[in-house]
Amino acid sequence: MIIDTHAHIGKLLTFDMTTEQILYSMDQYGVDFSLISNIEAAEGDHEGNPVPAELQKPQNQILLNTLSEAKKAPDRLGVLPWLKIRQELPDEEFISLLRENRGLIYGFKLHPFHSRTAPDEERLEPIYRLAAEYGLPVVSHTGGCEEAMSRHLFNAAKRHPELDFVMVHMDLGTDNREALDLLGRLPNLYGDTTWVPISTTLEAIRRYGSEKMLFGTDNPIDGADTLLHNRTGKRSLYQQYFHELKEQLRADEYENLMHKNAERIFHIK
């Protein structure tokens, strides 16, 4: 079994990702369940400039749209609402949507890079209180700018031992060294494999055991066949996770990485 804890839908900036692409790739490459968040909640571009107001949608509308997509295949798709942490906080309408659709919502997604807002900023405390109330883990992009570095998510996780936190990317664009070190310092802090070399994942398992890493991909960021190849046709990193890594881990370690940790942390049945 394979659970992808980091997939996307939405059309914004240079991205155009659909539910149909995700479901196709899941069928094609043996993924059983995917957690999706919606790129349309990004508040800034890759340079940190605000997304033009005419291209932005309210957070609640984005959540409604994402829930509608997940309802196409609720036995295969779950929702991680992408929160607009710089401009908005969950309001009563958001909380009502959460309560009414709790069976489809598995956690909250933060993107400090596309919001230029660090997870340890005081203004995010209402989000963490809401996550604790509903028993939801918090998943966050790490890497790319100071606000998004893993040390800030570590601070938030240290402040909130009642919540589980996932460091997506393990500091994208780095050697993952700082994220690796932080991973072992808190029991409620986890890493994911999105664009993370298998050498880093093997090192994390060697140091801390196989319960600390989750399988994630960014699917379908490079198109419907992201799990096979990138935009230039080069073999995808995830083919290494499907094949080479499987041969380098014990069966129980591989199962933890590919689905059992996700089942436990996100309460996926």
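This is a short chat about reading the features of one predicted protein model.

Biologist: Where do I start? How many helices and strands does the protein have?

Modeller: Start with the inventory: the secondary structure comes to 11 helices and nine strands. The radius of gyration is 17 Å, close to the 18 Å that the globule rule gives for 269 residues, so the protein is as compact as a globular protein of that length. Along its principal axes, the C-alpha trace spans about 50 × 40 × 35 Å.

Biologist: And what share of the residues count as buried?

Modeller: Buried means under 20% relative accessible area. Here, 61% of the 269 residues count as buried. The accessible surface comes to about 11000 Å², and 50% of that belongs to carbon and sulfur atoms.

Biologist: Now the sheets. What is the strand order in the open sheet of four strands?

Modeller: Read it from one edge to the other: E2-E1-E3-E4, with mixed pairing. The edge strands, E2 (15-17) and E4 (77-79), each pair on one side only. From one strand to the next, the twist averages 45 degrees.

Biologist: Mixed pairing, okay. Which way do E1 and E2 pair, parallel or antiparallel?

Modeller: Antiparallel, over three bridges, with E1 covering residues 3-12. To find the register, look for residues facing each other: Lys11 stands opposite Asp16 in E2. Then move across the sheet. E1 and E3 run parallel and are joined by five bridges, with Ala7 of E1 partnered by Ile36 in E3. E3 and E4 are parallel too, over three bridges, and there Ile36 stands opposite Val79 in E4.

Biologist: How does the chain get from E3 to E4?

Modeller: Follow the backbone. It leaves E3, passes through helix H2 (residues 59-70) and arrives at E4, making a right-handed β-α-β crossover.

Biologist: Are the residues of E3 buried or exposed?

Modeller: Check each face of the strand separately. On one side sit Phe33, Leu35 and Ser37, on the other Ser34, Ile36 and Asn38, and all are buried.

Biologist: Which helix packs on this sheet, touching E1 and E3?

Modeller: That's H11 (residues 251-266), and its direction makes about 75 degrees with that of E1. Take a look at Arg264, which has its place in this helix. Its relative accessibility is 39%, so it counts as partly exposed.

Biologist: What does Arg264 touch, leaving aside its neighbours within four places in sequence?

Modeller: Arg264 is in contact with Tyr190 and Glu211. It also shows how folding brings distant parts of a chain together: Arg264 and Thr5 are 259 residues apart in sequence but 12 Å apart in space, C-alpha to C-alpha. For the protein as a whole, residues 24 or more positions apart account for 74% of the contacts with a separation of 6 or more.

Biologist: You mentioned Tyr190. Which way does it point from strand E8?

Modeller: Tyr190 and Asp192 point one way from E8 (residues 189-192), Leu189 and Gly191 the other way, and all are buried. E8 runs parallel to E7 (residues 165-172), joined by three bridges, and Gly191 is the bridge partner of Met167. The chain crosses from E7 through helix H7 (residues 177-183) to E8 in a right-handed crossover.

Biologist: And what pairs with E8 besides E7?

Modeller: E9 (residues 213-214) pairs with E8 in the parallel sense, over two bridges. Asp192 stands opposite Leu214 in E9. The connection passes through helix H8 (residues 198-208), and this crossover from E8 to E9 is right-handed.

Methods:
Residues are numbered from 1 along each chain as its sequence is written. This is a predicted model: local features need pLDDT of at least 70, side-chain atom pairs count only at pLDDT 80 or more; totals for chains, interfaces and linings use all residues. Side-chain values use heavy atoms; hydrogens and water are left out. Buried means under 20% relative accessible area, exposed over 50%, partly exposed in between (1.4 Å probe, protein chains only). Two strands pair if DSSP finds at least two bridges between them. A crossover is right-handed if, with the strands pointing away from the viewer, the path from the first strand over the helix to the second runs clockwise. The radius of gyration is taken over C-alpha atoms; the globule rule is 2.2 Å times the number of residues to the power 0.38. Contact means heavy atoms within 4.5 Å. Accessible areas come from the Shrake-Rupley method with a 1.4 Å probe; for residues, only the protein chains shown count as cover. Axes are lines fitted to C-alpha atoms, for helices over the stretch in contact, and angles run from 0 to 180 degrees between N-to-C directions.
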